[in-house]
Structures are given as C-alpha cells and as structure tokens.
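User: Could you take a close look at one part of this protein for me? I'd like to hear how the last strands along the chain are put together, and then how that part sits within the rest.

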Amino acid sequence: MRAELRRQWLLPVAVALASTSLNLHAASDADRIRMLEEQLQRQKAAMEQQQKMLEAMESELQRLKTGQPLEERVISADESAVAAAQKEAHQAPSVEEPPEPVTLPNLEVYGFVMADAIYDFKRVDPDWNDTLRVTTIPTQDGFYGRDGEFVFSVRQSRLGVKSDIETDVGTFSALLEAELFGVGGDAGQTTPRLRHAWVTWNDLGMGQYWSNFMDADVFPNTIDYWGPTGMVFYRNQQIRYSWQIGEDEFAISLEDPDTSLTVGRFRDDCIDINCGSTVDDVFQKYNDIPDLTMRWRNNTEWGHYQVAGIARKLGFERLDTGQKDSEFGWGINTSTVINTWGQDKLKLQLVYGEGIGNYLNDGGLDIAPRKATATNNEAVAVPLLGIVAYYDHYWNEKWSSSFGWSTVRLDTTRGQGEDEFEDGSIAQVNLLHYPRKGVLMGGELAWGERNDISGADGYDVRVQFSLKVNFPLED
C-alpha cells in the first residue's frame with residue numbers, strides 16, 4: 001500500500017521537476033534558485049501530508065485487526081486533520097433538495113368530430129340547410145329554389161376544455177367550449193361559435209352557460225343539430241347561485257336581457273312625415289335590468305322533475321325621439337325526465353308565458369304591436385306555449401332509437417305582419433348504432449311544419465346519416 005502511495009506522489013513530483021528544468025534555461029540563476037526552493041517546499045509539504053495519511057491508514061488497519069473499539073482509541077490532531085481532509089476530498093458533491101412540486105389545476109380536453117350527410121326532400125333557408133329549424137321552412141313554394149338538396153356538414157363538431165383547482169377559499173372550476181356552427185353574421189359558415197365560458201367558485205357561477213330557466217336533460221337523443229322547436233333552450237351570460245339540498249337543487253340567477261321585438265305590419269311605414277326612415281329603422285331594444293330566473297330541481301330514483309320561473313323587463317326605445325318604454329315578461333317552465341325500463345327515458349316539457357320567446361329554441365318573439373292601426377297603438381308581450389314529448393329507447397348496449405314531437409305556438413297580435421311566424425312543429429325518429437363507447441353512427445328521419453299568421457304553411461322532410469367520434473375515447 002505504501003509503495004502504491006509513493007507512486008502516486010512521485011509521478012507529479014517528477015513531472016513538476018521536469019517542467020521546472022525546462023524553464024530554468026530562460027531564467028537567471030537567482031530566479032532559478034528561488035523557483036527551485038518554492039518547488040521543493042511544496043513537494044516537502046505534499047510528502048509530509050502523504051506520510052501522515054499513510055500512518056493514519058496503518059493505525060486504522062491495526063485497530064480493525066485487533067478489534068479495538070473506536071472510542072477507546074485516542075485520535076491525534078494530525079489524524080483528525082487527515083481524516084477531515086480525506087472526507088472532504090472523497091465526499092460526494094451535495095445535491096440540492098428538489099423544489100416543492102407545484103400543484104397545477106386538473107385540465108381536461110374533450111370534444112368530438114361529427115360529420116353529417118343530409119338529403120332534404122324540400123328546401124330551407126340555405127344558411128340553415130344542415131339542420132331542420134322550423135322557422136327557416138318557406139311558406140311559399142320555390143322560395144329557395146326547386147325541391148331536393150344534398151348537404152354535407154361538419155358544423156356540429158365540438159372542442160372543449162375544463163379545469164378545477166382546490167384553494168384555501170374553496171374549489172374553482174372553469175369550462176370553455178366551442179363548436180363550428182356559425183350563427184348571426186356567420187350563419188351558414190364553419191366558424192367557431194362559443195357555447196360555454198363558465199367559471200364557478202363553490203356554489204357561485206358566472207359567465208355563459210345553460211340558462212337557469214331551462215332543463216338541458218330534456219334534449220332527446222337525436223342527431224339533428226337544432227332539436228325540438230318548442231323546448232326552452234338558451235345559453236346565456238349570467239351570474240348564478242345554487243343551493244344543494246340533499247340530492248335536490250335550488251338556483252337563482254340574474255341573466256343578460258335581450259328583447260326580441262317586431263314592428264309588425266308597420267316596418268315599412270314612414271316616421272311621421274319623415275320618409276327617410278321607417279319604423280323598423282327607428283325602434284330597437286333597450287335593456288337596463290337583467291332577467292331574474294329561479295329553478296327548483298327534485299332528483300329521485302325514477303328520474304327528476306323541475307320547475308323554473310322567469311321575470312323580465314322588455315324594454316324598447318325610439319332612436320329619433322329617445323322615447324323609452326317597456327313591457328313585463330314572465331314564464332313558467334315545467335319539465336321531467338322519467339326512467340322507465342333499463343336505460344329508457346321519457347322526456348317531457350311544458351312552458352307557458354308572455355315575452356319569453358327569446359329563451360325558446362325556435363320561433364321566439366317577445367313584444368309586438370297590439371293593434372293594426374298606426375295611431376294610439378302600444379307594444380304588448382306576446383304569449384307563447386311550448387311542448388316537448390320524446391322517448392329514448394335502448395334496444396341493447398349497441399343500438400338505440402329516439403322518437404317524439406315538439407311544438408311552439410304564439411298568440412300573435414293584430415299588429416304583426418301577415419308573413420310572420422305563428423306556430424311550428426317537428427317530429428323525429430332514428431336508429432343509432434354504437435360500435436364501441438364514444439363512437440356513434442346512424443340515421444334519422446325528420447319532419448317539420450311552419451304556419452304563418454296569414455294561414456300560409458310549409459313543411460319539410462329530410463333524412464340524415466351521421467358519424468361521430470368522441471375524444472378522448474374511453475376504454
């Protein structure tokens with residue numbers, strides 16, 4: 001062992017001396033003497049340190065051979081220094097403790113891709129030809145062209161993300177969801193359309209979500225996009241607070257007001273003697289108080305029933321004079337989903353009110369002129385009735401069918417135009433197949449009818465075949 005240590009320190013000494021001899025040629029005698037002395041002192045110190053290490057190692061070896069306890073042995077200062085030096089020289093570099101893991105909110109991405117192939121035996125408004133929305137059915141033959149149209153669509157495809165996180169003050173959650181079914185200025189286009197932007201803190205929610213006045217569970221298992229015409233179906237901006245009472249729920253919300261109005265038969269009339277503008281150009285909605293809704297839902301073993309109410313201020317104003325006025329709107333929505341046999345469900349809804357058309361799935365109108373005369377006239381909230389009755393039947397785990405009927409009927413006024421919507425109905429039946437969980441394919445037959453105030457009517461019949469794949473797929 002000692003020979004090995006000598007080799008370890010003799011080699012660097014020889015290298016250092018050789019290096020020094022090479023430099024001696026370039027220095028004076030005095031410089032060479034000084035350099036040699038410094039080199040010699042360093043080497044002596046290194047040799048002394050190596051000697052102390054050898055002695056300490058031999059002493060430790062003897063202790064181990066004789067079995068002498070460690071505490072009975074007196075350790076010299078030199079040995080302590082050597083041991084400390086050895087420990088410092090051979091100790092592994094310290095590793096910093098990893099930082100505390102950062103708790104990130106749970107984030108889930110979900111959605112589906114849905115492709116529709118539709119044959120329409122009649123014709124509807126081309127901006128809405130990939131769904132059977134009753135109010136888009138013409139009551140005049142050939143209004144949108146000759147009968148018969150084939151349509152492909154992917155506008156039902158959807159993408160969403162949701163997240164939740166626990167904090168010291170409770171649970172926060174967020175939902176952001178969009179689809180490709182453009183409406184308004186994007187009607188007929190494959191453009192992203194916001195469905196939900198909803199944030200909750202414990203029992204308080206804010207953002208855009210299903211209206212508190214509706215029951216989303218009543219929507220049947222159909223593949224046409226628009227669905228039952230007489231259903232309360234509305235996503236609205238709101239603030240909502242919910243109370244969980246056992247398995248039941250009571251919720252109250254303030255929702256964004258939006259008045260749907262018509263000037264009826266006067267929309268082409270001049271304002272006073274000013275024929276540069278018409279009634280339709282001058283009258284507009286004026287909303288300064290949010291809608292108030294309340295909902296009670298009772299959950300039972302056989303399903304659930306729900307009762308919701310709404311109160312609204314339906315405001316409007318004249319741009320030419322600044323005159324403002326309003327009507328009171330109200331409504332009651334009752335609904336139920338009943339579990340019958342297996343997975344089968346009966347879905348029913350009955351809604352009635354005045355000035356609640358904006359919350360209906362189709363045919364909504366809130367206020368209209370009371371009379372057909374231009375003098376001493378006034379606006380009134382239009383009464384409305386909506387009915388939904390559907391049955392979802394599951395033949396087995398792979399096959400299902402849904403069939404039913406829905407209608408909306410307006411108690412129109414004398415001041416409305418002859419070509420305005422009065423009532424409409426839709427009926428559907430389908431056969432759907434599920435090759436595995438999250439995958440759907442199947443066909444549907446739909447019939448729709450529209451009636452105007454004048455008595456003119458129109459109907460439409462169409463068949464639809466759809467493929468749908470959810471993501472992420474579940475096992």
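Analyst: Happy to! Let's begin with strand β21, which is joined by 13 bridges to strand β22 (residues 457-471), the two running antiparallel. Please keep in mind that this is a predicted model.

One pair to find on your screen is Gly-448 and Asp-460: Gly-448 stands opposite Asp-460, which belongs to β22. Next, follow the chain from β21 into β22. These strands make a hairpin with four residues between them. Look there for Gly-455, whose phi is positive, near 100°.

Now turn to the other partner of β21. Strand β20 (residues 421-433) is also antiparallel to β21 (residues 439-452), and twelve bridges join them. Here a handy pair to locate is Leu-431 with Gly-443, its bridge partner in β21. β20 and β21 form a hairpin too, this one with five residues between the strands. Its turn holds Gly-438, again with a positive phi, of about 95°. So that you can picture the side chains as you trace these runs, a rule of thumb helps: in a regular strand, side chains alternate between the two faces of the sheet.

Stepping back, the protein chain has 22 strands and four helices. Of its 475 residues, 41% count as buried. Among contacts with a separation of 6 or more, 65% are between residues 24 or more positions apart. The chain exposes about 26,400 Å², and carbon and sulfur atoms supply 57% of that area.

For an example of those contacts, visit Arg-297, which lies in strand β12 (residues 291-300). Arg-297 counts as buried because its relative accessibility is 15%, below the 20% cut-off. Its side chain makes a polar contact of 2.9 Å with the side chain of Asn-299. Beyond its neighbours within four places in sequence, Arg-297 is in contact with Asp-215, Asp-217, Asp-248, Glu-249, His-304, Tyr-305 and Gln-306.

Finally, for a helix to set beside all these strands, try α2 (residues 29-66). This 38-residue helix reaches 55 Å from its first C-alpha to its last, close to the 56 Å expected at 1.5 Å a residue. Several of its residues are buried, including Gln-39, Gln-43, Gln-50, Met-53 and Leu-54. Ala-56 and Arg-63 of α2 are buried as well.

Methods:
Residues are numbered from 1 along each chain as its sequence is written. This is a predicted model: local features need pLDDT of at least 70, side-chain atom pairs count only at pLDDT 80 or more; totals for chains, interfaces and linings use all residues. Side-chain values use heavy atoms; hydrogens and water are left out. Buried means under 20% relative accessible area, exposed over 50%, partly exposed in between (1.4 Å probe, protein chains only). A polar contact is a pair of N or O atoms within 3.5 Å; within protein, one must be able to donate a hydrogen and the other to accept it, and residues adjacent in sequence count only if both atoms are side-chain atoms. Contact means heavy atoms within 4.5 Å. Two strands pair if DSSP finds at least two bridges between them. Accessible areas come from the Shrake-Rupley method with a 1.4 Å probe; for residues, only the protein chains shown count as cover. The expected span of a helix is 1.5 Å times one less than its number of residues.
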